[in-house]
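Please open the model in your viewer and keep the selection tool at hand. The stops below can be followed in order, one selection at a time.

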Amino acid sequence: MDNANVNAQGAPGEDGGVSKWTAARAERRERRLAKEIGAFAAAHGGAEGQVAHLGRKGARIVLVGADGAWGDLVVPSCEVAAAVVARAGITVHEAFDGEFAARVRTGPYEWSRMAGIQVGGSSAP
């Protein structure tokens with residue numbers, strides 16, 4: 001393996017090159033995440049998403065299934081999120097509001113968690 005262009009974190013070296021190893025690793029990660037989105041969509045009658053920038057922590061892909069189930073994935077960057085949702089082939093919304101947000105169905109856990117945060121109490125049901 002040629003590591004001449006990659007530092008200890010797998011980032012581009014001084015000359016700006018990225019090793020084949022780093023590119024292959026990113027490809028595998030995108031494939032795995034797209035497969036997770038596909039599995040969610042299959043289990044919930046389809047899915048749509050929204051990508052939210054989280055700052056240095058990366059980006060959050062929020063998924064909403066056709067049945068109202070929801071889930072999310074946190075990825076290293078908005079660029080990775082865009083590649084993953086494109087690979088998964090889901091519709092991506094600009095914002096998490098309106099009709100899209102209204103599709104989310106929450107259960108007792110979410111309601112107790114939100115109430116606990118609001119009143120400073122326990123989130124346990």
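Begin by selecting Glu30 and Arg87, whose side chains meet in a salt bridge at 3.9 Å, N to O, a salt bridge being a side-chain nitrogen of Lys or Arg within 4 Å of a carboxyl oxygen of Asp or Glu. Because Glu30 lies in helix α1 and Arg87 in helix α2, the pair ties together parts that are 57 residues apart in sequence. Glu30 is buried, with a relative accessible area of 17%, whereas Arg87 is partly exposed at 37%; here buried means under 20% relative accessible area, exposed over 50%, and partly exposed in between, with a 1.4 Å probe and protein chains only.

What you are viewing is a predicted model, in which local features need pLDDT of at least 70 and side-chain atom pairs count only at pLDDT 80 or more, while totals for chains, interfaces and linings use all residues. Residues are numbered from 1 along each chain as its sequence is written, and side-chain values use heavy atoms, with hydrogens and water left out.

Add Glu27 and Arg31 to the selection, and you have a network of salt bridges that links Glu27, Glu30, Arg31 and Arg87.

Staying in helix α1, select Arg32 and Glu36, which form a salt bridge of 3.1 Å, N to O; being four residues apart, they are separated by about one helical turn.

Move next to Arg103 and Glu48, where the closest N and O atoms of a further salt bridge are 2.9 Å apart. Arg103 sits in the loop between α3 (98-102) and α4 (108-119) and Glu48 in strand β1 (residues 47-53), so that the pair links parts of the chain 55 residues apart. A search of the whole structure finds seven salt bridges.

Now colour by secondary structure, which comes to four helices and four strands, taken as DSSP runs (H or I of at least four residues for helices, E of at least two for strands) numbered from the N terminus.

For the interior, select Ile37, Ile61, Leu63, Val75 and Val84, the residues with the most contacts inside the largest nonpolar core, which has 16 residues. Such a core is a set of buried Ala, Val, Leu, Ile, Met, Phe, Trp, Tyr and Cys residues joined through side-chain atoms within 4.5 Å. At least two residues of this core come from each of α1, β2 (59-65), β3 (70-75) and α2 (78-88). Finish on Val75, which touches residues including Leu33, Ile61 and Val80, leaving aside those up to four places away in sequence, where contact means heavy atoms within 4.5 Å.
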